[in-house]
Amino acid sequence: MTNDMMVRVELKRRIDRDLDELYKQANELGEEMGKLFKAYNRSQLRNLETVAAAATRTSALKNHVKNQTGKDRLRLESNQTWALQRGAKSLGEKLLALLDALGGRATNIVSALPPGNLDQEARDDLARTVEIELQRGVVQTAVCAALYEA
């Protein structure tokens, strides 16, 4: 097995382990999303999942959540918005906090790789890729839990 293949296998293993560690947090957030959006507003959940799947930048998903939360502040009377306060933070703020934490996790995953032939630029690119994969995994778990809850 080449060094590049070994790095990819190790990255996949580490990403999966981190996603397993994040499962409870993502699942709880998804349950909250399910209660909030209920069965008749699944488009919010599907849009979130679509943006996460299509994102090529770490900021794309965060910007989507910020945009939805900002727009929804104008519609708080419906009680089914990203901006609705549930505890100390709104649902959108909770999701953003979780997504922001994934950047540090991605950096830690890449930092734990053996030095190999990776320069700092390659490591930074890998960290971005890992962060996007973590975002996708967290969103998939949350949406799955939300749809189950709804």
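## Helix packing around H1, H4 and H5

H1 and H4 are roughly antiparallel to each other, because their axes cross at roughly 180° and anything over 145 degrees counts as roughly antiparallel. By class, the residues in that H1–H4 contact break down into 14 nonpolar, 1 polar and 6 charged. A quick heads-up before going on: this is a predicted model. The protein has 5 helices and 2 strands, and this briefing sticks mostly to how H1, H2, H4 and H5 meet, plus a look at two glutamates, Glu32 and Glu133.

**The overall layout**

- Reading from the N terminus, the elements go α-α-α-β-β-α-α, with 5 helices and 2 strands in total.
- Of the 150 residues in the protein, 44% are buried.
- Take the contacts with a sequence separation of 6 or more: 72% of them link residues 24 or more positions apart.

**H1 with H4, and Glu32**

- H1 covers residues 3–37, while H4 covers residues 91–111.
- The axes of these two helices come within 11 Å.
- Glu32 has its place in H1.
- Is Glu32 buried or exposed? Its relative accessible area is 14%, and under 20% counts as buried, so Glu32 is buried.
- Which side chain does the Glu32 side chain pair up with in a polar contact of 3.1 Å? That would be Lys94.

**H4 with H5**

- H5 spans residues 120–149, and its axis sits 8 Å from that of H4, with the pair packing at an angle of about 135°.
- An angle of about 135° isn't over 145 degrees and isn't in the 65 to 115 range either, so H4 and H5 end up oblique to each other.
- The crossing of H4 past H5 is right-handed.
- On the H4 side, the residues in contact are Leu98, Leu99, Leu102, Gly103, Arg105, Ala106, Thr107, Ile109, Val110 and Ser111. H5 answers with Arg123, Leu126, Ala127, Val130, Glu131, Leu134, Gln135 and Val138.
- Sorted by class, the H4–H5 contact comes out at 11 nonpolar, 4 polar and 3 charged residues.

**H2 with H5**

- H2 takes in residues 42–54, and its axis comes within 9 Å of the H5 axis, the two crossing at roughly 165°.
- That angle makes H2 roughly antiparallel to H5, because it falls over the 145 mark.
- What is the handedness of the H2–H5 crossing? It's left-handed.
- H2 brings Arg42, Leu45, Arg46, Leu48, Glu49, Ala52, Ala53 and Ala54 to the contact, and H5 brings Arg136, Val139, Val143, Ala146 and Leu147.
- By class, that H2–H5 contact has 9 nonpolar and 4 charged residues, with no polar ones.

**Glu133 in H5**

- Glu133 has its place in H5.
- Its relative accessibility is 32%, so Glu133 counts as partly exposed.
- The Glu133 side chain makes a polar contact of 2.8 Å with the side chain of Arg136, and Arg136 is one of the H5 residues that meet H2.
- Leaving out residues up to four places away in sequence, Glu133 touches Ile15 and Leu19.
- How far apart in space are Glu133 and Ala55, C-alpha to C-alpha? The gap is 9.7 Å, even though 78 residues separate Glu133 and Ala55 in sequence.

Conventions:
Residues are numbered from 1 along each chain as its sequence is written. This is a predicted model: local features need pLDDT of at least 70, side-chain atom pairs count only at pLDDT 80 or more; totals for chains, interfaces and linings use all residues. Side-chain values use heavy atoms; hydrogens and water are left out. Helices (H or I, at least four residues) and strands (E, at least two) are DSSP runs, numbered from the N terminus. Buried means under 20% relative accessible area, exposed over 50%, partly exposed in between (1.4 Å probe, protein chains only). A polar contact is a pair of N or O atoms within 3.5 Å; within protein, one must be able to donate a hydrogen and the other to accept it, and residues adjacent in sequence count only if both atoms are side-chain atoms. Axes are lines fitted to C-alpha atoms, for helices over the stretch in contact, and angles run from 0 to 180 degrees between N-to-C directions. Angles under 35 degrees count as roughly parallel, over 145 as roughly antiparallel, 65 to 115 as roughly perpendicular and the rest as oblique. Ala, Val, Leu, Ile, Met, Phe, Trp, Tyr, Cys and Pro count as nonpolar, Asp, Glu, Lys and Arg as charged, and the others, Gly among them, as polar. A crossing is left-handed if the near helix is turned anticlockwise from the far one by less than a right angle, and right-handed if clockwise. Contact means heavy atoms within 4.5 Å.
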